[in-house]
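Colleague: Please take one part of this model and go through it closely for someone who works at the bench. I would like to hear how its pieces fit together, with each term explained along the way.

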Amino acid sequence: VQGNWSYFCNLVQWSRYLGWKEEDPAGLILKPGCLLVFGGGVVDRGTADIRIARALVILQREYPERVHLLLGSRDVSKLRFAAELDTDVADDLGADAVSSDQGADMSFAEFLSRQNHSSPTVINRLRWILVHTMDCPNGVEAREVELRTLGRPVSDDEVVHSYRELVQPGGVDAWLLAYIKVASVILAIGDCLFVNGGVRSSGLLR
C-alpha cells in the first residue's frame, strides 16, 4: 500500500470481508468469521501514511484475534526518525553521527552541495534520508499533502514533526510505532506461512 490512499480504498471496496464504518469514514470493519493478514509496507510513497497506519492499528485493536499485521522493511526503517530528526540529538552528536551515509546512494554532504543548501538543517536531513536512503523521492511533498488533508498546519517544521511523531513514544500521531509494536516479522497460521519477503525452502524446519 505504501501510503497510497486511493489504492487502499480500492482494496477495501473490492474486498468481500472489509468495509467502512458509517460513523467514522476512515474506520474499518471486518465481517464476522473472517480473518485478515495485512502484508506490511504501510508507508512511504503516498499521501496517507498517517491515515492508513491509524486505520490498520484501530482495526487490529478491535479484532485482535482475527487481524494480523506483518512488518515490511519500509515500516521498520522509519524507527530511525525518532533519533535522526531530533534536533537535540543532532546538536549534541553532530549530523554525521546521527545520519550515517552507510547504505546511501549519495552522502549528506554531497546532497547539501548539489542542492545549494548551506546548512545541514533538519528538513534538509529529512529530504536526504527519504530520497537517498529510503527511495522515497517525494516524501516531503506527500506529507505536506496529507497534513493539508487532515486540516493541519503545513511548514518545514510541521513536516519534520509529523515524520518524527509517527514513531515517537507518546506522540499524538504515533500510529506507525503502534503498528510496529503489534505486527509480526513472520506469521504461521495452520499450514500457511506469511512474511513480507522471501523464504528459502532450505531455511524451513522440517
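Modeller: What follows goes from one helix to its aromatic neighbours, and then to a loop and its surroundings.

This is a predicted model, in which local features need pLDDT of at least 70 and side-chain atom pairs count only at pLDDT 80 or more, while totals for chains, interfaces and linings use all residues. Residues are numbered from 1 along each chain as its sequence is written, and side-chain values use heavy atoms, with hydrogens and water left out.

Helix H11 spans residues 175–182 and is mostly covered, with six of its eight residues buried. Helices here are DSSP runs of H or I with at least four residues, strands are runs of E with at least two, and both are numbered from the N terminus. Buried means under 20% relative accessible area, exposed means over 50%, and partly exposed lies in between, using a 1.4 Å probe and protein chains only. The buried residues of H11 are Trp175, Leu176, Leu177, Ala178, Tyr179 and Ile180. They pack against strand S3 (36–38), helix H2 (49–62), strand S4 (67–69) and helix H3 (73–76), where contact means heavy atoms within 4.5 Å.

Tyr179 also leads to the aromatic rings. Rings of Phe, Tyr and Trp (its six-membered ring) pair if their centres lie within 6.5 Å, and planes under 30 degrees apart count as stacked, over 60 as edge-to-face and the rest as tilted. By this rule the count comes to six aromatic pairs. One of them joins Trp5 and Phe8, with 5.8 Å from centre to centre and 35° between the planes, and is tilted. Trp5 and Phe8 are separated by about one helical turn, because they stand three residues apart in helix H1 (residues 5–14). The pair of Phe38 and Tyr179 is edge-to-face, because the ring centres are 6.5 Å apart and the planes meet at 85°. This pair links distant parts of the chain, since Phe38 lies in strand S3 and Tyr179 in helix H11, 141 residues apart. Both Phe38 and Tyr179 are buried.

Trp5 and Phe8 form one aromatic cluster together with Trp20. Arg51 lies over the face of Trp5, at 5.0 Å from the ring centre; a charge sits over a ring if NZ of Lys or CZ of Arg is within 6 Å of the ring centre and within 35 degrees of the ring normal. Elsewhere, the charged end of Arg143 sits over the ring of Tyr163, 4.0 Å from its centre.

Strand S3 also borders the loop to be considered next, for Asp44 is found between S3 and H2. Asp44 counts as buried because its relative accessibility is 3%. Its side chain is joined to that of Lys78 by a polar contact of 3.1 Å, a term for a pair of N or O atoms within 3.5 Å in which, within protein, one must be able to donate a hydrogen and the other to accept it, residues adjacent in sequence counting only if both atoms are side-chain atoms. Leaving aside its neighbours within four places in sequence, Asp44 is in contact with Gln2, Gly3, Asp49, Arg74, Lys78, Met134 and Cys136. Phi of Asp44 is near 135°, a positive value in a residue other than glycine. Most residues other than glycine have a negative phi. Asp135 likewise has a positive phi, near 55°, and is placed in the loop between helix H8 (122–133) and helix H9 (139–149). Asp135 counts as partly exposed, because its relative accessibility is 45%.
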